[in-house]
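User: I've got a model to go through and I want the reasoning behind the labels, not just the labels. Can you take my questions one at a time?

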Amino acid sequence: MKIKELRSLVVLLVAFFMILPAGPAAAEKPIVIGAPLSTAFLYGWAAERGMKLAVDEINAKGGVKVKGAMRPFSVVVIDTRDLEPGVPVSDALLAVEKLILDKKADFIIGGPVRSEAALAAMPLLSKYKKVSILTTGVLTPAYHATVEKEYDKFKYCFRIHGEAKNLVGEIFANFDELKELYKFNNLFIISQDVSHARGAANLVKDIATKKGWNVTGLEIYPTGASDFSMGLLKAKNTQAEIINIWMDMPESAILLKQWYDLKIPALPFGSTLAAAEQPGFWKATDGKGEYTLCNVVNAGNAPSEATPWTMKFYNAYTQKWGVEPEGLGSSSSYMAVYVLKDAIERAGGLDSVKVVTELEKTDVMGVYGRLRFNPKSHQVIPATDPKEGAVGSILQWQAGKRVVVYPKSIATGSIQLPPWMKK
Amino acid sequence: MEILIYGTINSAALALYALGFAMVYGVSRLPNFAHGALFVLSGFMTWYFLNSLELNYFISIILTLIATGVIGALIYQFILIRIRGMEISEIMATYAMGLAILEGLRWGGFKGMTYTLPAFISGSVDVFGVSVDYQRLLVVVIGGAVVGLLWLFTHYTRMGLALRGMAQDERAALMLGIDSDRMALVAMAFGSSLAALAAICLLPLGNIVVEAGYNVLILAIAVCIVGGLGSWMGAVLAAFLIGFAQILTVVYLGAHFQMVVALLAIIVTLIIRPSGLFGRQKELEERV
Amino acid sequence: MTTEPILQVKDVTKAFGGIQALNGVSFDVYEGDILGIIGPNGSGKTTVVNCITGFIKKTAGKVFFRGKDISRKPPHKIADMGVTRTFQIMRPYYSLPAYKNLVIPLFSPRAKRTGGWRGGGKLGDRNTVGIDILEEIGFERDSFVPYKMASSLPTGYLKRLELARCLALKPDIIFCDEIFSGLSMSEISSMVPLIERLQMDGITLVMIEHRLRELFRVANRVMVLNFGEKLMEGTAQAVMADEAVKKAYFGSENVEELMGNANG
Amino acid sequence: MSVKTGQHRQERIDRGIRIRSDGIYALMSWRELSYLTVPRLALIVGMLVLPLVLPGMYWQRVVSIACIYALLAISFDFLAHFVGLVCLGGAFFVGTGGYLAAILNTSFGLPPLVTIPLASILGAALCTLLLLPCLPLRGVYFAIVSLMYPLFAMRVIEALNILGGTDGILGIDSFSSRWVEQYTVIGAVLLFLFGTRRLVNMDIGLVLRGVKDNDQAIRASGMNITRYKTLAVFIASAMGCMGGAILVHIYMWSGISQFALDFSILPIAATVIGGSGTLAGAVIGCLILVPISELLRDFGTLRIVFYAVILMGFIVFRSEGLLVYGQRKYHQFQRWTRL
């Protein structure tokens, strides 16, 4: 009995060893893109899908032209679990090394997804001289700040999606609009207890006060908190008209449900509100998510007419994966592959340093506007007009649909107020 | 007033989290680290019955309760029974089990933030001028009911008394011809069902996510420790202590001290009263 | 014995919750004494020892050793001063051979100072010292008993091992908690001379016993406890003669008879 | 032990050679000598040769990580089975050692080979100091408190935003070469492994074991338990801190995730698998578990499921632990006998 089961266990083990070599099937000398992603989380799988879509399209067209030869891309995704609680970052770093050393990845695109993990991976990348383009999750300004500080060391690191500061900018554009529309003046901030969220929240607070808003309170909830009634009631009692939410933890859905049930007369305005980015959000909150505003960082993650390419991408994605682009990471990862392709073709080879210089020269009309990197900090240049740079987009849930309300240049609707807020 | 009401609600929730864990440990000295996993699992189970099999909500709840109970029993029968008494092994095995369940769910596509259960009754009322949604009130009611029933069960039914006997002194119970394994089995089943119950009451407030498993486990353990491992009435009291403590911190200290306060509570409690606030007297001897 | 008492116990009191386990017990122990403490079950004999050796905190009362107040000292300090004890429930280090069991106490600061039992001055290799001690108290070396695993030793040897653990510290006083109980007649009769030898070596003993006959053979003074109170103190004969003791301890029965049973 | 039929039972008998090679008699012949020494040599040589035979840098890195876990596992096994303190706070040691190494390196510019031993000692001192109030606790209570420590440390650093907050400390030197790295970590493991094995068999080791088996008797022999516990914790945490310090230098980065639960759990799992109470078992356990989890990476999310199942399998079906099982087979043979 015992022994038999043990044997079956051993067999199982052996089976694993057998399977291992069977990695992704390789065509003639493909260019390997390593993608360290936390695939069990939205920001992870959204990026994975975006990337794979782009690669398929490119390979369908024959691949990347390198010195006359057409070489296909191949993606190797590794689950880093770095968004998981209780998993040390070193685990994610080991994954990155596996990509570089074991899977022989030529470039790293996507993650690591957690800010601190991404920062931790920088030394590794510079050690192995691997060009990497962050496409999801990481919003901390520290990232490109580090690149700028030690350019020669960290020049291999790029980021193609917006970062916290841009978000803040976009948010205020909206606040001001609301201000003049409805005479809003009281702002309440709720944030998750993670450094980037806290930092951003405080930033918002300062700027708001400068801009003459009356910040009636700042609540910081620990990750995993599951009751926000006190915070919401505070907001209500202080006559707040907007609640600015900085949370990417799943429990944020609870917050919005409570908001709806308690009929709090303040507009929930999410930033990195992962829960609300997803199309499934409506069902998840059985409709209680209506009127929620949230920022999906880059256009293309929600339907809009930012550029001719936007809807093309949007539909292709929806067709391939049977679900609309869900949130941060989809469009940026998609573009990252194209940007890299061009850079390689211009560099005429895979040499990291050459590719870096070519990436710095990048200037294309992408899914979410004109993509250029700041040559010093390797951060994509933001703008409110897709013709100028990478645009973000802010959407509001209206009758079960994600309606883009900002920037005006690509908006498909305008902000609505819940009935109990109508004066 | 708000503090009072939401404190009670929060406490009731914590109590629901903890009861299952406390029960299992109390009876069979088994630290069931798969508790959180069972919590999440039963959540998804109900969701599945409800949306994929399109069963009636009530039926699916009953089914879930039973199914989870059975799973708990199976875990005991096929895994734990072999390593009974080897504490570290028990912890590791249950922990691994929990991990397997959670990650398995995730692999099975139950990821993201789009799963949820409908509230029993939606809408909200004003209680003493504080608006509370029905679901939360329900949580309190059910929490109270569960505690009450548990008390009756353990004081007035044969099996309940047997369980308590086990909890008091396993040897003596054995001498009185109480089959310790069978009781532990029952306890596991009950504990699991309690976890499921908690899930069903609390999940409609938010959404079903795998990550919740870990938080639930930590909270449950925290409550049980402060309440004194093994005494489930102690756990209930502790739930109220921590529950109000948290709300008060939110109100007066700011929410991000919630967790710090909770952890601090545990460490301090243990250093001052090793057997927990309501632990049995003799366990004070644990201190050298 | 007219000399200054080596150990003075001044109305020690101990209450567990509501129960009064000891109620103002006080007595003196003189150098070279063998004091017997007897009393019915639950009369607080072991509690006295625990209080004196500091293993439980006393509710009230004082204990002086060679004039120094040791009432509030932790057990290891007290033991370090030379007031040692055996345990009623023997828990040797089962996973170790007998002589290794002694290496542990021989490692203690006091043993380092005193050099252990008869070792005099500096301590040699702890293993050999340990074996010497064991041999002294009747572990036959040539039949390899000291090398046997503690788990495989019979009760008689375990009791001696308990004693040896105290001897390793070169103690001034040993509190023997029922070292006769559970032993066969022959074992006891081989134990008695050992006790007497310890006395000759100038070690003061306080013996808690149920086996009155053997106790009375060695003890030169006996104290009787009853319900946590000191009933009387005196020579064996005096104790046996005393009416109150008879009532409390032996009920109405005849003393000799009962002692007969006790031995049978 | 399964029983074949009513009147049969299985009995275990020591192999003759075991008896012959017991104690001084081992010197009688080469055969006896080798019987004793081969297993130890196998381990040492095996670990020393490992880096040379591995396919590529990546697997060497895996070995380094495994060794770091091994250090933690040894420290856990030592505390749990030779002192009776079940310490679930391995992560706390890692974090402390890691941060100290990071600070020493970035602020004082000391080279890795200096910071590692320094961080281990300072860290050990710090951990011991912080754990001092809980030393009187016993059994499950100490376990839980120690489990809380790393979580607490994490929250504190996060809430107060010190030591680089959630971003952690960047720009730490790495080892001069991967060989230095490999052999530092392997050396550390072997050193601590045989060091502790020696220690627990020395007189003071016996005292520590005494603290575990019967602390009353220890006190009755005039020894202060807390003192010895403190000593033990110091030794154990030194190992943990060294692990953390090495980790930091491998990844040139230090952050709060070094207090992550995995650093507390995995070593324990490894110990259980390898065989509790046999320090070598802990090491072997790590050398099995960590590579398995790496091999499973190709299964994406499913990886952890397999991992957990394997772990459970080991625990349930080899609850005594591989090494104990191995030792038994090595020293004894089984046979059926009539009752």
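User: What is the bridge partner of C:Lys14 in β2(C)?

Analyst: C:Leu22 is the partner of C:Lys14. Keep in mind that this is a predicted model.

User: How do you know that β1 and β2 of chain C count as a pair?

Analyst: Pairing takes at least two DSSP bridges between the strands. Strand β1 (residues 7–16) and strand β2 (residues 19–29) of chain C are joined by 7 bridges, so they qualify under that cut-off. They run antiparallel, and C:Val12 stands opposite C:Val25 in β2(C).

User: What else does β1(C) pair with, and over how many bridges?

Analyst: Strand β4 (residues 60–65) of chain C, over 5 bridges, again running antiparallel. Here C:Val9 sits opposite C:Val63 in β4(C).

User: What makes β2 and β5 of chain C edge strands?

Analyst: Each of them pairs on one side only. The open sheet has 4 strands in the order β2-β1-β4-β5 (chain C), with antiparallel pairing. The edge strand β5 covers residues 68–69.

User: Why is the pairing of β6(C) and β7(C) called parallel, and how many bridges back it up?

Analyst: β6(C) and strand β7 (residues 173–177) of chain C pair in the parallel sense over 3 bridges. Two bridges are the least that count, so this pair passes. C:Arg85 stands opposite C:Phe175 in β7(C).

User: Which sheet do those strands belong to, and what is its order?

Analyst: An open sheet of 6 strands, ordered β6-β7-β8-β3-β9-β10 (chain C), with mixed pairing. The edges are β6 (83–85) and β10 (229–234) of chain C, each pairing on one side only. On average, neighbouring strands in this sheet are turned by 20 degrees against each other, ignoring direction.

User: How is chain C split into domains?

Analyst: The domain assignment gives domain 1 (1–82 + 172–264) and domain 2 (88–171) of chain C. Between them, 16 residues of domain 1 are in contact with 13 residues of domain 2. On the domain 1 side, α2 (75–81), β7 and α7 (185–200) of chain C each supply at least two residues. By class, that side of domain 1 of chain C has 7 nonpolar, 4 polar and 5 charged residues.

User: And what does the split look like in chain A?

Analyst: Chain A is divided into domain 1 (28–162 + 306–390) and domain 2 (165–296 + 393–421). Their C-alpha centres lie 29 Å apart. Still, 17 residues of domain 1 of chain A are in contact with 13 residues of domain 2 of chain A. The touching side of domain 1 of chain A has 9 nonpolar, 5 polar and 3 charged residues.

User: What makes you say that α2 of chain D isn't straight?

Analyst: Set the span against the expected value. Helix α2 (residues 30–53) of chain D has 24 residues, and a straight helix would reach 34 Å at 1.5 Å a residue, but the end C-alpha atoms are only 29 Å apart. There's also a kink of about 40 degrees at D:Thr37 in α2(D), shortly before the proline D:Pro39.

User: Which pair of chains has the most contacts?

Analyst: Chains B and D, among the 4 pairs of chains that touch. There, 31 residues of chain B are in contact with 34 residues of chain D. On the chain B side, α4 (87–107) and α11 (258–272) are the elements that give two or more residues. The largest share is from α4(B), with 13 residues. By class, the chain B side facing chain D has 23 nonpolar, 3 polar and 5 charged residues.

User: How far apart are the closest C-alpha atoms of chains B and C, and why is that pair not counted as touching?

Analyst: They lie 10 Å apart, and no contact joins chain B and chain C. A contact needs C-beta atoms within 7 Å, so the C-alpha distance alone isn't the test; no residue pair meets the C-beta cut-off. Chain A and chain C have no contact either, with their closest C-alpha atoms 29 Å apart.

Conventions. Residues are numbered from 1 along each chain as its sequence is written. Chains are lettered from A and ligands numbered from 1 in the order in which they are written. This is a predicted model: local features need pLDDT of at least 70, side-chain atom pairs count only at pLDDT 80 or more; totals for chains, interfaces and linings use all residues. Two residues are in contact if their C-beta atoms, placed from the backbone, lie within 7 Å. Domain bounds come from an automatic or database domain assignment. Ala, Val, Leu, Ile, Met, Phe, Trp, Tyr, Cys and Pro count as nonpolar, Asp, Glu, Lys and Arg as charged, and the others, Gly among them, as polar. The expected span of a helix is 1.5 Å times one less than its number of residues. The bend at a residue is the angle between axes fitted to the seven residues ending there and the seven starting there. Axes are lines fitted to C-alpha atoms, for helices over the stretch in contact, and angles run from 0 to 180 degrees between N-to-C directions.
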